[in-house]
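This report walks through selected features of one protein model. Have the sequence and the coordinates open as you read.

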Amino acid sequence: MSAHNRAGQPASESSLVDVSALLEAYQSRTPDPSTPGERVSFGTSGHRGSSLDTTFNEAHILAIAQAIAEYRAQADIDGPLFLGMDTHALSAPAHATCLEVLAAHEVEVRVAADDGVTPTPAVSHAILTHNRGDLPGRADGLVLSPSHNPPADGGIKYNPPTGGPASPDVTAWIEDRANALLEDDLRGVERMPYDRAVAANTTQTHDFLGRYVEDLDAVIDMAAIRDSGLTFAVDPLGGAGVDYWTAIADHYDLPLEVLRTEVDPTFRFMTLDWDGQIRMDPSSEHAMQSLIDLKDDYDVAFACDTDHDRHGIVTASGGLMAPNHFLCVALDALLETRDDWGDDLAVGKTVVTTSLLDRVAERHGRAIYEVPVGFKWFVDVLLEERCCFVGEESAGASFLRRDGHVWTTDKDGIIAALLAAEITAKTGVDPSERYAALTEDLGAPVFERKDAPATPDQKAALKALSPDQVTHDEIAGDPITAILTKAPGNDAPIGGLKVETEHGWFVARPSGTEAIYKIYAESFRGEAHLEQLHADAQALVNRAFEASPKVETSPSGG
């Protein structure tokens, strides 16, 4: 898709969301559960929407919070619920709504002091710390965040006692119960006024920031960064980690400049993303333009999205790194320096993450654990310490503590960013330079994802793709080595089809949250080969549409 003519430029007043209208709509608009788009729907990472579209309103959050309270009771989850939120305008009212319901159910809720915001990884860290300690009850958590989505959006996701995103069976239960409550005009919802909920003895503050920051040297070599003599910078992008970065720099005496501490629910300080919208995406060259412009001023700079579960790395030598590139560098560096990680620990990746990661893992004698799209598939292998590192192409990663024990079971953009500083501090080579050296040894892949509109019937046809629909023995001139509809790591359906050869692969799958389908492809033979992979994948998609009596052939993705 072509970029907007103002992509990468500062946001104008006309680009800004009307926050007062957004908040008014949260209270006043009532979803119609007979309209599919207005129902509760847990996609890859929770329920998301906008109050202006009647897809994220008080009724949705009342129903979801009630469903979670009921789920906790039937699952015997009797410890504290750690409640976090980011800096999107809808996060604070949704946070208040959740507290009203949870307090009415006498759930012990732990919130950040002074109504503070909380990064997703700090919530995961709090859950796991509680559940691994000698403390009463099993803890879980809720995060109010639509991740890097535009300022008009809101989001809510549930993290059970495993600390990471809930599994599909749990989210399906919550979704079904929440929609039943919507259909019954919320008659089954218990809540109390906000002032009473805040004052309830079950509502307590928790030092998310202090406990997370003080524990960071268990996962990152903070002394190496402190003593490096290098210069680092971070842009929190107005997100939940604003105060965290200042605390990290102060606590560990790091040569780290926090470039921006401004918090504004319009995010007016952002440069516009590829489509002319404001989006706090640290892997987008357009959204990250302000930080890219400063690349020559620091050895390494980095940013995180609004809830700080994704990372973006900017180097003096190469500018903004592609997420796949940094994942490979991160894994290679970690496997060289983490001497206490057991040799039997595997490396986790999703089916659409670069195959260069496989080659890095193989070089270090590590097995690959490949799963469908979604970080929820990594929770158990991190919790059980079976994978030392997990990553996905959308700039999400987590890894074990230096001693080989679990750190978080959700994405952690903070430790990924700090790892970029550690790598440069220890080697004198920044991550872009290290990636160049890696590709000299292991090959230089090119990767592209193309999206195209899709009707519900077209999405269903893609989700139902089967290996027998691949009628050729080769793609892009190479013999096919594997055709997958289930991920080899956990045998879970990938919701589409992956075709592999020795020199490349493609995945065709429908989006879980948008009216589009996606074709991912990667080639180790260059741009022309990559385009042929996309062409062959598109031909397969078109044949699938033609074979289904319900759908019409889609235009070519772009």
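## A hairpin and its parallel neighbour

The model is predicted. Start with strands S15 and S16, which form a hairpin. Three residues lie between the two strands. In the turn, Ala 395 has a positive phi of about 75°. S15 covers residues 387–392, and S16 covers residues 396–399. Their pairing is antiparallel, with four bridges.

S15 also pairs with S13, residues 346–350. Here the strands run parallel, again through four bridges. Phe 389 of S15 appears in both pairings. Val 347 stands opposite Phe 389 on the S13 side. In S16, Phe 399 is the bridge partner of Phe 389. Strands of a sheet pair through backbone hydrogen bonds, either parallel or antiparallel.

Is S15 enclosed or open? Six of its six residues are buried, so S15 is largely enclosed by the rest of the structure.

## A five-stranded open sheet

Another sheet is open and has five strands, in the order S9-S8-S10-S11-S12. Its pairing is mixed. Strand S9 (256–258) and strand S12 (319–320) each have a single partner strand, so one side of each is left without a neighbour in the sheet.

S8 spans residues 232–235 and runs parallel to S9, with three bridges joining them. Within this pair, Val 234 of S8 faces Val 258 of S9 as its opposite residue.

## A buried histidine in a loop

The loop between strand S10 (300–304) and strand S11 (311–315) holds His 308. Is His 308 buried or exposed? His 308 is buried, with a relative accessible area of 0%. The side chain of His 308 makes a polar contact of 3.0 Å with the side chain of Trp 245.

## Helix H14

H14 runs over residues 413–427. At 1.5 Å a residue, its 15 residues should span 21 Å. The C-alpha atoms at its ends are 22 Å apart, which agrees. The helix is mostly covered, with 13 of its 15 residues buried.

Both ends have a notable residue. At the N-terminal end, Asp 412 acts as the cap. A side-chain oxygen of Asp 412 lies 2.9 Å from the backbone nitrogen of Ile 414. Just after the helix comes Gly 428, with a positive phi of about 75°.

## Two cavities

How many cavities of 30 Å³ or more does the whole structure contain? The search finds two. The largest has a volume of about 80 Å³. Strand S1 (42–43) and strand S6 (153–159) each supply at least two residues of its lining. The full lining is Phe 42, Gly 43, Thr 44, Ser 45, Gly 46, Lys 157, Tyr 158, Pro 165, Ala 166, Thr 171 and Lys 376. By class, the lining has four nonpolar, five polar and two charged residues.

The second largest cavity has a volume of about 30 Å³. Its lining divides into eight nonpolar, no polar and no charged residues. These are Ile 225, Phe 232, Leu 254, Pro 255, Leu 256, Phe 302, Leu 418 and Ala 421. Several elements described above meet here. Phe 232 lines the cavity and falls in S8, residues 232–235. Leu 256 is also in the lining, and S9 covers 256–258. Leu 418 and Ala 421 line the cavity too, and H14 spans residues 413–427.

Methods
Residues numbered from 1 in each chain as written. Predicted model: local features only at pLDDT ≥ 70, side-chain atom pairs only at ≥ 80, totals over all residues. Heavy atoms only, no water. Pairing = 2+ DSSP bridges. 1 Å grid on protein atoms, 1.4 Å probe; cavity = no way out; pocket = protein on both sides within 12 Å on 5 of 7 lines; lining within 4 Å. Points joined across faces, edges and corners; volume = space filled by probe spheres on them. Nonpolar A, V, L, I, M, F, W, Y, C, P; charged D, E, K, R; others polar. Expected span 1.5 Å × (residues − 1). Buried < 20%, exposed > 50% of the residue type's maximum accessible area, 1.4 Å probe, protein only. Polar contact = N/O pair within 3.5 Å; in protein donor to acceptor, adjacent residues only side chain to side chain.
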